[in-house]
Amino acid sequence: MVNLTLPDHLSIKDGHLWIGGCDVVKLAFTYGTPLYVTDEDRIRENFQGYKKALTSRYPHIRILYAAKANGNPAILKILAGEGAGADVFSAGELEIALGAGMSPQHLLFNGSSKTEADHRMAVRKGVRVSLDSIDELLQIDRIAGEEGKIVEISFRVNPAIDVPTHPKIATGLATSKFGIPAVEIAAAYAQALTCTHVVPVGIHCHIGSQILAVEPFAKEAQVLMEVVAELHAMGVKFKFVDLGGGLGVCYEHTKEPAPGFDAYADAVMPEILATFSRLGISPEIWIEPGRSMVCDSTILLTKVNSVKKAHKTFVNVDAGFNTLIRPSMYDSYHEVIVADRAGAKPEGVFTITGPICETGDILAHDRDLPAVMTGDLIAILDTGAYGYAMASQYNGRGRCAEVLVRGEQSALMRRAETQEDLLRTVVTPPWL
């Protein structure tokens with residue numbers, strides 16, 4: 001905890017970590033562990049931060065939450081109440097967004113490998129679709145014709161921009177599976193303009209995730225505006241220009257914070273506004289924040305099962321990479337706090353490990369912590385994005401509960417899975 005800066009919604013009182021107006025030790029006792037705990041007010045604060053930064057520079061802004069970051073329906077309902085739409089990547093995410101009260105016109109169905117059922121659902125619901133290839137254009141034009149509909153589309157352009165992030169989440173590289181190269185995008189729109197049941201009304205781009213500098217976003221805006229100018233000259237009537245998401249968060253709280261919402265807006269807006277003014281157009285600007293919207297809103301609480309001294313001291317907890325896979329998949333860093341002795345001075349170096357039968361099931365390596373004991377409660381910070389969303393039932397372990405807090409109130413927004421849930425969809429072949 002030395003020099004560890006906590007965000008405003010986290011605090012330490014009487015040796016316990018609190019989130020919002022709730023003592024996390026009491027939450028763990030009430031709901032059990034492992035347990036994801038999300039602060040509703042923090043999500044609203046993050047949304048308003050984006051909205052204020054962008055609308056102060058241009059009035060026509062639409063924030064589409066990247067539902068893949070955390071698809072709990074309660075979170076989408078919170079954001080729908082703030083006026084958000086959503087970037088959805090599957091029929092399931094589309095259903096959740098619509099069920100949360102988001103308007104079909106405020107959704108964009110993304111993805112490089114959609115099924116015919118995905119396309120048909122989008123067409124029937126009146127949702128715009130971001131296309132990733134000419135093949136997909138021909139498919140959705142046919143499907144829209146069969147449904148007797150006209151579908152509004154964009155293409156995803158690949159800007160071939162190298163970004164400072166993990167290679168598995170760099171989506172705007174020339175070698176990425178996503179998007180149509182910028183030098184080929186005009187031909188795609190030219191073909192779309194000849195289609196009977198498709199109308200191109202936007203353009204979409206996404207350069208990656210967890211980007212901790214604003215310069216790549218400025219470069220993205222420059223490339224995108226060059227394409228917009230070319231397409232405008234071809235006769236494309238833009239209703240929206242979608243910059244995607246990607247603004248990162250600082251997982252290591254002893255380091256400099258990530259760029260803020262105003263820094264992001266300062267990076268992308270000048271080029272966009274200058275191009276809009278020159279072309280005499282005023283489409284909506286869409287962005288797709290996910291991680292930066294929900295990541296710091298959530299902590300993962302996990303109980304210490306045992307402590308073992310070997311070549312290092314291992315703290316064995318009841319959450320593993322089945323609950324939070326990011327440290328194992330991306331070698332990612334999350335701050336950890338002994339939540340029932342928060343603020344106590346470090347007394348040793350500890351490695352936090354999970355219960356999964358894998359050597360790589362390590363949540364945090366070599367952390368300076370108070371002397372950890374069996375029964376202690378560990379809080380893992382910044383787990384609101386790609387935490388529960390990427391959880392699994394590996395090793396026959398049900399996924400944990402999720403709790404939402406608002407001030408002093410707390411309530412389940414998803415119960416923990418039971419052993420019965422593990423077998424709920426299993427069907428025994430008749431010959432067994």
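This passage describes helix packing, salt bridges and backbone geometry in a predicted model.

Helix H5 and helix H6 form one packed pair. H5 spans residues 116-125, and H6 spans residues 134-147. Their axes come within 10 Å and cross at roughly 50°. This angle falls outside the ranges for roughly parallel, roughly antiparallel and roughly perpendicular pairs, so H5 and H6 are oblique to each other. The crossing of H5 past H6 is right-handed. On the H5 side, the contact is made by Glu-116, His-119, Arg-120, Val-123 and Arg-124. H6 contributes Glu-136, Gln-139, Ile-140, Arg-142, Ile-143, Ala-144, Glu-146 and Glu-147. By class, the residues of this contact divide into 7 charged, 4 nonpolar and 2 polar.

A network of salt bridges links Glu-116, Arg-120, Arg-124, Arg-142, Glu-146 and Glu-147. These residues also belong to the contact of H5 with H6. Arg-120 is in addition one of the buried residues of H5. The others in that buried set are Asp-118, His-119, Met-121, Ala-122 and Val-123. The cover over the buried residues of H5 includes H6, helix H4 (91-99), and strands E7 (107-109), E8 (128-131) and E9. Just after H5, Gly-126 adopts a positive phi of about 75°.

H6 also packs against helix H7, which covers residues 185-193. Here the axes come within 10 Å and cross at roughly 15°. Angles under 35 degrees count as roughly parallel, and H6 and H7 are therefore roughly parallel to each other. H6 passes H7 in a right-handed crossing. The H6 residues in contact are Ile-134, Leu-137 and Leu-138. Those of H7 are Ala-188, Gln-191 and Ala-192. This contact has 5 nonpolar residues, 1 polar residue and no charged residues. The contact of H5 with H6, by comparison, includes 7 charged residues.

The model contains 24 salt bridges. Among them is the pair Arg-44 and Glu-82, with an N to O distance of 2.7 Å. This pair links distant parts of the chain, 38 residues apart. Arg-44 sits in helix H2 (residues 40-55), and Glu-82 sits in helix H3 (residues 73-82). Arg-44 is partly exposed, at 26% relative accessible area. Glu-82 has 17% relative accessibility and counts as buried, because the limit for burial is under 20%.

A second salt bridge joins the side chains of Glu-152 and Lys-239 at 2.5 Å, N to O. The two residues are 87 residues apart. Glu-152 belongs to strand E9 (residues 151-158). Lys-239 lies in the loop between helix H8 (215-234) and strand E12 (240-242). With a relative accessibility of 42%, Lys-239 is partly exposed.

A further salt bridge connects Arg-341 and Asp-376, at 2.4 Å from N to O. Both partners are in loops, 35 residues apart. Arg-341 is in the loop between strand E16 (336-338) and strand E17 (348-353). Asp-376 is in the loop between strand E18 (362-369) and strand E19 (377-380). Arg-341 is partly exposed at 23% relative accessibility, whereas Asp-376 is buried at 5%.

The backbone shows several notable features. Most residues other than glycine have a negative phi, and most peptide bonds are trans. The peptide bond from Thr-33 to Pro-34 is cis, with omega near -5°. Pro-34 lies in the loop between helix H1 (24-31) and strand E4 (35-39). Its relative accessible area is 16%, and Pro-34 is buried. Leaving aside neighbours within four places in sequence, Pro-34 is in contact with Leu-300, Leu-301, Asp-318, Ala-319, Thr-323, Cys-400 and Ala-401. Pro-34 and Leu-94 are 60 residues apart in sequence, and their C-alpha atoms are 28 Å apart in space.

Positive phi values also occur at two Asp residues. Phi of Asp-14 is near 50°. Asp-14 is in the loop between strand E1 (10-13) and strand E2 (16-19). This residue is exposed, with a relative accessible area of 81%. Phi of Asp-382 is near 60°. Asp-382 occupies the loop between E19 and strand E20 (401-406). At 5% relative accessible area, Asp-382 is buried.

How values were computed
Residues numbered from 1 in each chain as written. Predicted model: local features only at pLDDT ≥ 70, side-chain atom pairs only at ≥ 80, totals over all residues. Heavy atoms only, no water. Axes fitted to C-alpha atoms, helices over the stretch in contact; angles between N-to-C directions. Helix = DSSP H or I, 4+ residues; strand = E, 2+ residues; numbered from the N terminus. Parallel < 35°, antiparallel > 145°, perpendicular 65-115°, else oblique. Left-handed = near helix turned anticlockwise from the far one by under 90°. Contact = heavy atoms within 4.5 Å. Nonpolar A, V, L, I, M, F, W, Y, C, P; charged D, E, K, R; others polar. Salt bridge = Lys/Arg side-chain N within 4 Å of Asp/Glu carboxyl O. Buried < 20%, exposed > 50% of the residue type's maximum accessible area, 1.4 Å probe, protein only.
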